[in-house]
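User: I would like a close look at a single part of this predicted model. Please take me through it slowly, as I am new to reading structures.

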Amino acid sequence: MIERLDHVNLQTVQLDAMIHWYSHFLQLKQGYRPNFPFPGAWMYAGDVPVVHLVPVEVAPPKATDLALEHAAFRAKGLPAFLRRLAEGDQPSRVVRVPDIPLVQVNVWDPDGNHLHVDFHADEAEGLDLEAFSISKITV
């Protein structure tokens, strides 16, 4: 029986930029990675390596060409996350999910992979969420 999603593996032609983006905006930490015979990076949320980055020579197809449309993370610290995105001029779209107390912040990494970071709606109290949705999403 499945217990949880373990990690997402992303192929990229810009490994350093991806490591920086996941470190800075999602605050994942680069950590231990087994000594595979190919390069890469494992990005950790706490003690769990949730994003595996593997460099490739040719860019993989865009997400619009794949059946997997996005990956999602559950998080805490909505105001600080929104500030990091705004200060970094990162495109985002903030959505209140109907019927459940959830706020999704949709973002795109340097390769255009769609992610959403989910926060409990209580963290949005007093925030003007529309002010944080950057409509110039061009990915």
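User: By class, how many nonpolar, polar and charged residues does the lining of the second largest pocket have?

Analyst: In this predicted model, the lining of the second largest pocket has nine nonpolar residues, together with two polar and three charged ones. The lining is made up of 14 residues, and the space that lies in this pocket comes to about 240 Å³. If you want to find the pocket in the structure, begin with L26, F73, R74, A75 and V117, which are the lining residues that lie nearest its centre. You can then look outward to the elements around them, since β5 (71-74), α2 (78-87) and β8 each supply at least two residues of the lining.

It may help to set this pocket beside the largest one, which has a volume of about 360 Å³. The largest pocket is lined by 21 residues, and those closest to its centre are L10, P60, P61, L66 and N113. Two elements give two or more residues to that lining, namely β1 (8-12) and β8 (114-120), so you will meet β8 again here, having already seen that β8 supplies at least two residues to the second largest pocket. The largest share of the lining of the largest pocket, however, comes from β1, with five residues. Sorted by class, the lining of the largest pocket has eleven nonpolar, seven polar and three charged residues, whereas the second largest pocket, to return to your question, has nine, two and three in those classes.

Definitions and conventions: Residues are numbered from 1 along each chain as its sequence is written. This is a predicted model: local features need pLDDT of at least 70, side-chain atom pairs count only at pLDDT 80 or more; totals for chains, interfaces and linings use all residues. Side-chain values use heavy atoms; hydrogens and water are left out. On a 1 Å grid over the protein atoms alone, a cavity is a set of points where a 1.4 Å probe fits but cannot get out, and a pocket is an open set with protein on both sides within 12 Å along at least five of seven lines; lining residues have an atom within 4 Å of a point. Grid points are joined across faces, edges and corners, and a volume is the space filled by probe spheres set on the points. Helices (H or I, at least four residues) and strands (E, at least two) are DSSP runs, numbered from the N terminus. Ala, Val, Leu, Ile, Met, Phe, Trp, Tyr, Cys and Pro count as nonpolar, Asp, Glu, Lys and Arg as charged, and the others, Gly among them, as polar.
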